[in-house]
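User: I am new to this structure and would like to go through its ligand site and some of its helix packing. Please take the questions one at a time.

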Amino acid sequence: MTDTTEPTRSASGARTFELDRAHVFHSWSAQARLKPMVVERAEGSYFWDDAGRRYLDFSSQLVFTNIGHQHPAVVAAIRDQAERLCTVAPQHANDQRSEAARLIAELAPTGLEKVFFTNGGAEAIEHATRMARLHTGRHKVLAAYRSYHGATSTAINLTGDPRRWPSDTGSAGVVHFWGPFPYRSSFYSTTDEEECERALAHLQQVIAFEGPQTIAAIVLETVPGTAGIMPPPEGYLAGVRELCDRFGIVYIADEVMAGFGRTGRWFALDHWGVRPDLIAFAKGVTSGYVPLGGVVVSDEIAATFAERVYPGGLTYSGHPLACAAAVATITAMHEEGIVENADRIGREVLGPGLRQLADRHPVIGEVRGLGVFWALELVADRATREPLAPYGGTSPAMTELVSACLLRGLVPFTNYNRLHVVPPCTIGDEEAKEGLAALDDALATIGGHYTGG
Ligand SMILES: Cc1ncc(COP(=O)(O)O)c(C=O)c1O
């Protein structure tokens with residue numbers, strides 16, 4: 001049922017909001033326009049605002065609460081570790097760090113046995129890029145348009161979306177290329193096979209014209225996330241691997257968003273059986289309970305730094321609280337079949353449910369995704385594929401859709417003309433159906449923006 005009454009916020013909520021507006025400087029925002037929701041508690045797939053209103057979290061916050069909110073085993077592990085040993089410097093060894101590294105390396109393809117820990121995803125990308133540059137002795141890095149790799153200097157320059165533009169130095173040693181995206185093909189393809197073949201031919205040409213001997217790495221989200229959740233066509237990642245091998249280029253897989261169960265596999269790479277040289281991870285590794293990221297390093301690149309100093313580090317690399325959270329998260333995911341749940345719910349509930357929504361709402365131009373990682377490509381006209389909001393912008397239709405979802409107690413993730421359905425990997429069938437019903441209702445309210453036949 002739609003609740004349109006104005007909620008009454010708690011006194012503590014009002015104070016939180018007031019202090020936030022007075023003192024907190026938020027990311028990616030014009031500060032004066034912000035009205036952040038005050039979140040007071042959370043459990044599993046839900047969270048509550050300061051007026052006691054419950055929301056089903058179809059965004060996993062920023063696509064990171066892969067095991068849902070407040071998992072008791074992870075909360076207990078963080079509490080226990082805090083009582084035992086809150087922190088140690090990175091040069092010492094620590095039981096939780098050793099165990100977290102072992103567990104993560106065990107999930108990666110054979111031959112990637114070492115883990116360099118960071119505090120988040122962007123730092124993982126920074127360090128992976130630095131390792132690749134030092135390992136190859138080359139400087140240039142290729143990255144895809146329609147990608148996001150983080151907001152630090154190298155990571156934002158690698159990013160292939162408008163968030164890069166204000167920070168684009170034009171001299172970061174980054175060259176962008178087009179990845180595969182059959183729905184909006186840059187190659188005039190009409191099939192997935194054509195898209196794969198042409199995207200690889202294009203990449204090979206970029207390498208040839210940039211000079212293979214100048215290229216240190218190709219950085220690629222296994223499934224581009226914020227940019228639109230586009231699973232690569234069969235053969236594309238194997239083709240990238242082959243090009244890297246042929247030209248001595250390091251393949252860096254960005255699994256920050258797609259990793260740790262999101263696609264219904266531990267790493268999204270597992271769907272396509274490719275072995276990159278470096279894997280950047282973050283988000284789901286601790287479900288965001290304590291910030292953690294890192295790079296899984298191949299034996300070949302680790303060997304480069306066996307006798308040579310790796311020139312990089314972080315005060316909190318492998319922080320015990322974060323590593324304890326990672327150990328507990330990965331253990332809970334193994335023991336409770338959480339990755340398997342993400343896979344099943346995608347195949348049996350979310351995929352079919354979203355396709356049914358597309359049958360009823362012409363504004364849905366395409367449904368794509370896997371696991372608990374889905375995008376609705378919203379269009380004003382199915383024939384022309386005109387996006388419901390321009391690239392890099394928003395529109396009244398998208399704003400109305402988000403409001404309609406929130407009124408129905410559903411929090412989606414939206415970007416330009418897309419709505420992403422990215423709930424926790426732990427979501428149950430009934431919760432997923434509840435979210436789909438709310439989305440169905442919300443989509444009905446914007447039908448008037450469809451201008452197609
Ligand atoms: C694919 C990808 N890479 C890197 C990052 C950057 O991670 P962080 O925000 O933890 O620095 C993100 C964040 O959303 C991401 O989605």
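**Ligand site and helix packing**

Analyst: This is a predicted model. The residues around the ligand are G120, G121, A122, Y148, H149, G150, E221, D254, V256, M257 and K283.

User: Which side chain has an N or O atom 2.7 Å from a nitrogen atom of the ligand?

Analyst: D254 is one of the residues around the ligand. An N or O atom in its side chain lies 2.7 Å from a ligand nitrogen atom, within the 3.5 Å allowed for a polar contact. The side chain asked for is that of D254.

User: How far is a backbone N or O atom of G121 from an oxygen atom of the ligand?

Analyst: G121 and Y148 are both among the residues around the ligand. For Y148, a polar backbone atom is 3.4 Å from a nitrogen atom of the ligand. For G121, a backbone N or O atom pairs with an oxygen atom of the ligand, and the distance is 2.8 Å.

User: Are helix 3 and helix 10 roughly parallel or roughly antiparallel?

Analyst: Helix 3 covers residues 72-84 and helix 10 covers residues 320-335; their axes come within 8 Å and cross at roughly 150°. Angles over 145 degrees count as roughly antiparallel. Helix 3 and helix 10 are therefore roughly antiparallel.

User: How many charged residues are in the contact of helix 3 with helix 10?

Analyst: Helix 3 contributes A73, V74, A77, I78, Q81 and A82, and helix 10 contributes P320, L321, A324, A325, A328 and T329. By class, ten of these residues are nonpolar and two are polar, and the number of charged residues is none.

User: How are helix 7 and helix 8 oriented, roughly parallel or roughly antiparallel?

Analyst: The axes of helix 7 (residues 192-210) and helix 8 (residues 236-247) come within 10 Å and cross at roughly 20°. The crossing is right-handed. An angle under 35 degrees counts as roughly parallel, so helix 7 and helix 8 are roughly parallel.

User: Which residues of helix 8 meet helix 7?

Analyst: On the helix 7 side, the residues are C196, A199, L200, L203, Q204 and I207. The whole contact divides into nine nonpolar, two polar and one charged residue. On the helix 8 side, the residues are Y236, G239, V240, L243, R246 and F247.

User: Where helix 12 meets helix 13, how many residues of the contact are nonpolar?

Analyst: Helix 12 (residues 396-407) and helix 13 (residues 429-444) have axes that come within 9 Å and cross at roughly 140°, and they are therefore oblique to each other. L401, A404 and C405 in helix 12 meet L439, A442 and L443 in helix 13. No residue of this contact is polar or charged, and the nonpolar count is six.

Methods:
Residues numbered from 1 in each chain as written. Predicted model: local features only at pLDDT ≥ 70, side-chain atom pairs only at ≥ 80, totals over all residues. Heavy atoms only, no water. Axes fitted to C-alpha atoms, helices over the stretch in contact; angles between N-to-C directions. Helix = DSSP H or I, 4+ residues; strand = E, 2+ residues; numbered from the N terminus. Parallel < 35°, antiparallel > 145°, perpendicular 65-115°, else oblique. Contact = heavy atoms within 4.5 Å. Nonpolar A, V, L, I, M, F, W, Y, C, P; charged D, E, K, R; others polar. Near = heavy atom within 4 Å. Polar contact = N/O pair within 3.5 Å; in protein donor to acceptor, adjacent residues only side chain to side chain. Left-handed = near helix turned anticlockwise from the far one by under 90°.
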